[in-house]
Every structure is written in structure tokens, then in C-alpha cells.
There are 2 protein chains.
Amino acid sequence: MATMSDVARRAGVSLSTVSYVLTGARPISPRTRDRVLAAMKELDYQPNAMAQGLASRRTTLLGLMLPMDDRGLGATEAAFATGAAAAAADAGYHLMLHPAGATDVDALRRLGNRRLLDGALLMEVRLDDRRVPLLRRLGIPFVLIGRTADPAGTPFVDIDFDRTVEDAVEHLTALGHRDVVYVNHSVADLEAGYGPARRTAEAFAAAMRARGLPPVMVPAEDTAAGGRRALAEALRRVPGLTAVLAMNESALFGVLGGLADRGLRVPDDVSVVSMVTSESVAELATPALTSLTSPGSAVGRLAVEILISTLDPEGADRSAPEIRQELLSCALQVRGTSAPARG
Amino acid sequence: MATMSDVARRAGVSLSTVSYVLTGARPISPRTRDRVLAAMKELDYQPNAMAQGLASRRTTLLGLMLPMDDRGLGATEAAFATGAAAAAADAGYHLMLHPAGATDVDALRRLGNRRLLDGALLMEVRLDDRRVPLLRRLGIPFVLIGRTADPAGTPFVDIDFDRTVEDAVEHLTALGHRDVVYVNHSVADLEAGYGPARRTAEAFAAAMRARGLPPVMVPAEDTAAGGRRALAEALRRVPGLTAVLAMNESALFGVLGGLADRGLRVPDDVSVVSMVTSESVAELATPALTSLTSPGSAVGRLAVEILISTLDPEGADRSAPEIRQELLSCALQVRGTSAPARG
DNA sequence: CTGAAAGCGCTAACAA
DNA sequence: TTGTTAGCGCTTTCAG
């Protein structure tokens with residue numbers, strides 16, 4: 001493996017000149033720069049990452065922190081992760097996958113003390129997330145994918161749940177639906193302060209009340225069986241139900257199964273709209289789901305770009321330490337599961 | 001941030017003693033070890049990862065190389081990735097996500113020259129995968145998740161496609177099905193030498209012929225629409241079709257939709273079996289899919305364990321440079337989409 | 001515009 | 001059983 005002094009020797013310059021060609025930290029005459037670059041090509045030289053990291057205190061490593069309890073990522077989260085990895089690679093950074101959920105603070109502290117990461121992305125953010133104060137204390141820059149209860153001063157990229165829910169409710173009510181039930185995530189998620197679950201619950205209540213309609217919400221486990229149970233409860237509470245809104249893909253397919261079992265046709269008898277859903281999942285249903293499409297990899301990509309902009313010396317405009325907070329929308333895609341209310 | 005000499009000073013020992021306590025590379029008396037460990041606790045010391053990497057030439061970084069073209073990972077691949085990340089973390093390693101598919105050799109070479117990785121995991125392995133000779137040349141240990149055409153001398157973890165297909169065909173033929181069509185991945189995937197597509201194609205042909213049945217295979221794009229087209233072709237080629245076998249989840253849901261549209265009931269008229277499928281996806285269908293369940297995160301976990309065993313000085317038994325090659329099975333789970341052949 | 005040299009925080013000889 | 005010290009391959013002063 002060629003080292004920097006191999007390059008220097010070959011180019012007939014000093015070690016530091018090679019370094020400055022690489023970092024651009026001081027002007028180099030075109031002639032010597034060319035000689036150095038040529039030597040690099042010839043030797044297929046790439047700077048040693050560890051040496052660079054040790055000397056410069058910048059590792060070009062970013063951590064994607066997320067809990068990895070059960071069966072890994074859903075389609076939406078997987079898109080976040082791949083978008084983030086691609087954006088990192090485009091910028092010369094590397095993305096590491098870390099099993100560190102909202103409560104795994106010890107592992108995160110150890111990781112932080114090792115000075116491995118230039119920055120971190122937090123996924124599965126809870127309204128009260130202990131990782132946030134910890135990273136701040138460790139001095140590790142981070143961007144949330146999601147939001148805490150009080151996001152002041154914390155950069156984040158999140159989905160605009162208010163608007164997503166509003167758009168979904170508007171779509172259904174414009175079709176004449178008045179008996180709408182919202183199938184949310186589980187009680188456990190709601191109680192744990194899972195942002196998407198809580199925010200959509202509030203947004204749904206607001207959207208329905210603004211239309212003079214009762215906001216009926218039913219929680220559901222993230223499984224088909226959970227969806228079936230939720231449908232049963234929904235029908236008990238609203239016997240004349242004509243539409244189901246959901247933000248729980250696994251449960252939603254259970255809801256569809258339950259409707260079929262009861263002889264209720266979609267969308268003739270009951271309309272179904274899925275929120276924050278990837279196109280590939282929406283296409284799995286028959287008919288394909290009317291949904292509010294998740295921005296997918298754009299979320300991860302944007303989060304990485306924001307994070308990197310705070311790391312790059314040039315980007316870090318210390319006079320204006322701008323905290324970027326972005327809400328991305330889900331676009332309504334009317335497919336086959338929504339239709340005018342019956343009667 | 002505390003450094004090693006802070007610890008040494010506090011414990012009243014030399015720098016190297018602290019280092020040896022950490023690495024265990026030479027015996028330390030219980031008394032001094034305790035003093036050192038106590039000092040570490042008090043200072044919340046963690047060794048600087050970059051310094052350790054530079055000095056020891058071991059980075060504790062593993063790369064997960066996979067193409068990240070379109071919409072990221074499917075459920076099965078996501079499970080591989082999270083399993084790998086969890087296993088890496090358990091062993092004190094870190095897993096990085098790298099966009100480097102079978103043909104992205106340049107990016108991989110640059111990465112390799114930077115000496116960032118202790119080892120690599122290759123996903124989406126093609127039968128003829130250029131990453132394999134490259135990594136060998138770079139001297140970077142790796143394990144395939146998948147197999148090349150000639151896997152001799154290359155460690156891998158893969159799914160036992162022969163057995164999976166055989167089990168699926170046996171399940172269907174035992175139920176009396178004789179008119180079975182296999183819906184595979186796309187023509188493009190087959191031509192590109194995508195292992196799972198090619199191996200299952202051969203295994204299906206073998207399993208059917210062994211039973212005196214004609215092996216009819218139809219390729220399909222990985223979309224619901226692709227599945228619908230595949231079903232149409234399948235019915236054209238085998239009008240009396242009573243069973244569909246598939247290893248293409250996205251297409252499979254299109255097949256289910258197409259069957260429903262034609263008034264063909266599952267499983268009464270047509271049985272459907274999905275291979276290498278995660279439980280969560282199988283549960284999405286109504287009725288839930290009879291499937292051969294993918295080993296999921298176990299694949300990634302095992303691959304990491306094998307990789308690390310070749311890295312650890314202790315594990316690297318150089319007298320027997322054992323190449324581990326593991327095939328994991330998919331267990332048949334009979335759910336709601338398979339039943340005795342009609343008539 | 002370029003060079004020399006002092007670290008960065010560790011590991012691993014070498015020496016005792 | 002422990003200490004001393006020479007690197008690992010870079011970045012970045014300080015000097016010219």
C-alpha cells in the first residue's frame with residue numbers, strides 16, 4: 001500500500017506538500033500539484049483513513065442510530081437508511097448502522113467516547129429521547145429523523161404529519177365520508193411517545209373536529225392480526241363506518257382481510273387510505289392502496305446533507321449557526337381503495 | 001476526552017501497562033489491573049478508535065456492500081442487514097453500509113486502498129461478481145451473502161435454494177398439484193446472473209422432472225404489474241394451472257390480484273406458495289401466504305460471525321484456514337394459500 | 001510557494 | 001510483571 005511519503009518521494013516534493021495538495025489548505029503551484037497528482041495516480045494512492053482521522057480529528061464516519069429489536073426495518077425506514085447511505089457516499093462520508101434506540105444510552109455514550117463518529121442521525125425518535133441530551137453533551141453533531149416534543153434548537157427532518165393527515169381526511173370527506181375511523185399504531189407506541197403515532201392522533205382529531213365530525217381512533221398492533229382486531233373494534237364503535245384511515249401498514253393488510261371476511265367490498269362499501277406508505281407496499285394490495293406516499297429515501301438524503309453541512313468547515317457558518325428543520329410532505333396518490341361514500 | 005496517558009497517570013502506571021490491560025496481550029498483575037480499570041471507570045475512558053486503528057492496523061469496521069439503486073432494500077435484505085449490524089455490535093465491531101454492487105469496482109478499490117475496513121460482506125452477489133477477485137487482491141477478508149458460480153475457496157452464507165424449491169414442490173405435489181408454474185425474478189436478473197433466480201430455476205426444473213412433470217417457469221418484473229403479466233402468461237401456457245410457486249414477493253401480490261380479477265379463488269382454485277419470504281410479508285396477504293420462511297436476520301448474523309472469526313487472531317487458525325460455507329434452510333409454513341388440487 | 005518537524009493517541013517491540 | 005520508546009500515516013504549526 002502506497003503511503004504519502006511514497007508519493008512525496010516519487011514527485012520529488014516534501015511530505016507536507018503532498019498533504020496540502022490533498023487538503024487544499026494552502027496554495028500549491030500548478031506545476032508541483034500536477035506532479036503530485038500524477039504520482040498519486042501512478043501509485044494508486046489513497047490516504048489512509050485512520051491516519052487521516054487521527055491527525056485531523058475528522059473521521060468521515062456518520063452513525064445511523066436506530067433500535068434493531070425485532071424484524072429489522074420496514075420499507076419506509078429501509079428507504080431512509082439507503083437514502084442516507086447513498087448521500088453519505090456521494091459526499092465522501094460513510095454511514096454506519098448502530099443499534100442504539102431511544103433508551104440505549106450507555107452504548108451510545110461508549111461509542112461517543114471512542115470518537116469514531118463525526119456526526120449522527122437518530123431514527124425512531126421518541127418525543128422524549130435520551131439520545132438528544134447525551135449527544136449534545138458529548139459534542140457530537142446530529143440530526144433527527146423525526147422530532148422530539150420540543151424540537152427547539154435541534155435540527156431535524158421529519159414527515160409533515162399534520163398536512164398528511166389533513167390531506168387524507170380532506171380526500172375522504174370530499175368523497176362524502178363522515179364515518180371515518182383512524183387505525184393508528186399500538187397503545188404501547190402511543191404511550192412510549194412515538195412521535196408519528198402521537199402527532200397523527202392529534203392531527204386526526206383536529207381535522208375531524210374542524211369538519212364537525214367525531215374523531216374515532218383505534219390503536220393496533222403492527223401485525224395483520226392486530227389490524228383485524230382493530231377493525232372489529234372500529235365496527236363496534238362505528239357500525240356505519242364507511243372509511244378507514246391508517247398509518248400502520250402491517251395492520252392495514254389485516255384490516256383489508258377483515259373487511260373481505262365480512263363481505264365488505266373495498267372501495268364500494270368501505271374506502272381505505274394508507275398514510276406514509278411506500279409505493280411498493282401500496283402496490284401489494286388489490287386493488288392498489290390509495291395512499292399518501294412517503295418521501296422515502298429523500299428523508300435520509302436530506303438529513304445527511306444537513307448533518308454534513310454542519311460539519312464542513314466552510315458550511316459551518318459560526319456567525320449564524322442556522323438550525324435547519326425540514327418537514328417533507330407525503331403526496332396523495334389516489335389508487336383503487338377510495339371511492340365516494342355509499343348511500 | 002480522557003486519553004490513555006490520563007488513565008496511566010491516574011493509576012500510577014506507565015502508558016503501556018494501560019494498553020496491555022486493554023488488549024490483554026500480556027499478563028498484568030491483578031492489583032495493577034484493578035487500579036487501571038478503576039481509573040478508566042473514573043475518567044469514563046474509552047480508547048480513541050482512530051488511534052487504535054492506526055497503531056494496530058485493525059479498524060473494527062466491517063463493510064456491507066450492496067447496490068442501492070432504486071427503492072432500497074426489500075424485507076428480506078433488510079433483515080440480513082440488521083442481523084449483520086446487530087452481530088457486529090455484539091462483537092465490538094461496526095457495520096458500514098456501502099453502495100457497491102457487483103459492478104461498482106472502482107468505488108470499492110478506492111475504499112479498499114483507504115484501509116478503512118477490516119472485512120467486508122457482499123450482498124446481491126452475482127454468479128460472476130467482480131468484487132470477489134478485487135477484494136482478494138486487496139487482501140481484505142470477506143464473506144458472501146450469496147454465492148458465485150464457482151464458490152470454491154470463498155466463504156459464504158446463502159439460502160439453500162435447492163432444498164427450498166424441493167420442499168415447495170413436494171408440498172404442492174403431495175397436495176395433488178401437477179400443473180404448477182414457477183414465477184421467478186425478471187429476465188434481466190436471470191441474464192445478469194442473479195444467483196437466487198438462476199439456482200431456483202434449475203432446482204425447479206430438477207424437482208419437477210424428478211416427478212415426471214413439465215417445469216414451466218415464467219419470469220416477472222419485481223412489481224405487482226409484472227406479477228399480473230406473469231400470471232397471464234402462465235395461464236396461457238398452462239390453462240389448467242392449479243398452483244403458482246413464486247420467489248418474487250412484489251410480483252406475487254400482482255399474481256394474487258390477477259387471480260382475484262379472474263374469479264379464481266385462492267386456495268380453492270389455485271394454490272400459491274411463496275419462497276424465501278419473511279413472516280411479516282406472508283401475513284400481509286389474505287389469506288396469509290403459505291411460504292418457505294427466509295432465515296432473515298440469521299443470515300446476516302452468521303455471515304458476520306464467520307467474517308470476524310477469520311479476523312480475530314485467535315480464530316485465525318492458520319494451520320487450517322477453514323473456509324466456511326453455510327446454506328440456511330427456509331422452513332415451510334403452511335398458512336392459507338395452499339390446499340389440495342381441485343378435481 | 002515549499003520544507004521540517006511536532007504531534008494526534010494508540011500498539012508492540014525491546015529492555016529490564 | 002512492568003517501563004521505555006519507536007513507530008502507525010497523516011495534519012498542521014512554524015520557518016523559510
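Strand β2(A) is mostly covered, with five of its six residues buried. Buried here means 20 or more other C-beta atoms within 10 Å of the residue's own, exposed means 12 or fewer, and partly exposed is in between, with C-beta atoms placed from the backbone. Helices (H or I, at least four residues) and strands (E, at least two) are DSSP runs, numbered from the N terminus. Keep in mind that this is a predicted model: local features need pLDDT of at least 70, side-chain atom pairs count only at pLDDT 80 or more, and totals for chains, interfaces and linings use all residues. Residues are numbered from 1 along each chain as its sequence is written, while chains are lettered from A and ligands numbered from 1 in the order in which they are written.

**β2(A) and its partners**

- On one side of the pairing, β1 (residues 61-66) of chain A runs parallel to β2(A), and six bridges join the two; strands count as paired if DSSP finds at least two bridges between them.
- Within that pair, Leu61(A) has His94(A) as its bridge partner.
- β2 (residues 94-99) of chain A also pairs across the chains, antiparallel to β2(B), over three bridges.
- Met96(A) has Met96(B) as its bridge partner there, and Leu97(A) stands opposite Leu95(B).

**Chain A overall**

- Chain A has 14 helices and twelve strands.
- Its C-alpha atoms fill a box of roughly 85 × 35 × 35 Å, taken along the principal axes.
- Of the 343 residues in chain A, 52% are buried.
- Take the contacts in chain A with a separation of 6 or more: residues 24 or more positions apart account for 70% of them. A contact needs C-beta atoms, placed from the backbone, within 7 Å.

**Where the chains meet**

- Chain A and chain B each put 48 residues into the contact.
- On the chain B side, the elements giving two or more residues are α4 (49-56), α5 (75-90), β2 (94-99), α6 (105-113) and α12 (249-261).
- The largest share of that side, seven residues, comes from α5(B).
- By class, the chain B side has 25 nonpolar, 17 polar and six charged residues. For the classes, Ala, Val, Leu, Ile, Met, Phe, Trp, Tyr, Cys and Pro count as nonpolar, Asp, Glu, Lys and Arg as charged, and the others, Gly among them, as polar.

**The nonpolar core**

- The largest nonpolar core holds 198 residues, and Leu121(A), Val183(A), Leu121(B) and Val183(B) touch the most other members. Such a core is a set of buried Ala, Val, Leu, Ile, Met, Phe, Trp, Tyr and Cys residues joined through C-beta atoms within 7 Å.
- Leaving out residues up to four places away in sequence, Leu121(A) touches a list of residues including Leu62(A), Leu64(A), Ala84(A), Phe142(A), Ile145(A) and Leu307(A).
- As background, nonpolar side chains in soluble globular proteins tend to be buried together.

**Around the DNA**

- DNA strand D has 28 residues around it, and Met4(A), Ser16(A), Ser19(A), Ala55(A) and Ser16(B) come nearest. A residue is near a molecule or strand if its C-beta atom, placed from the backbone, lies within 6 Å of it.
- α2 (15-23) and α4 (49-56) of chain A, plus α2 (15-23) and α4 of chain B, each supply at least two residues of the surface near strand D.
- The largest share of that surface, six residues, comes from α2(A).
- The surface near strand D divides into 15 nonpolar, twelve polar and one charged.
- DNA strand C is surrounded by 27 residues, the closest being Ser16(A), Pro27(A), Met4(B), Ser16(B) and Ala55(B).
- Near strand C, α2 and α4 of chain A and α2 and α4 of chain B each supply at least two residues.
- That surface has 14 nonpolar, twelve polar and one charged residues.

**Helix α7(B)**

- In α7 (residues 131-138) of chain B, the buried residues are Arg131(B), Val132(B) and Leu135(B).
- They sit on the same side of α7(B) because they cover an arc of only 100° around the axis, the arc being that of the directions from the helix axis to the C-beta atoms.
- Pro133(B) and Arg137(B) are exposed on the other side.
- The cover over the buried residues of α7(B) includes β1 (61-66), α6, β3 (119-122) and β4 (142-145) of chain B.
- Gly139(B), just after α7(B), takes a positive phi of about 75°.

**Arg198(B)**

- Arg198(B) is found in α10 (residues 195-210) of chain B.
- Arg198(B) counts as buried because 20 other C-beta atoms lie within 10 Å.
- Not counting residues up to four places away in sequence, Arg198(B) touches Leu127(B), Leu190(B) and Gly193(B).

Definitions and conventions:
Contact = placed C-beta atoms within 7 Å.
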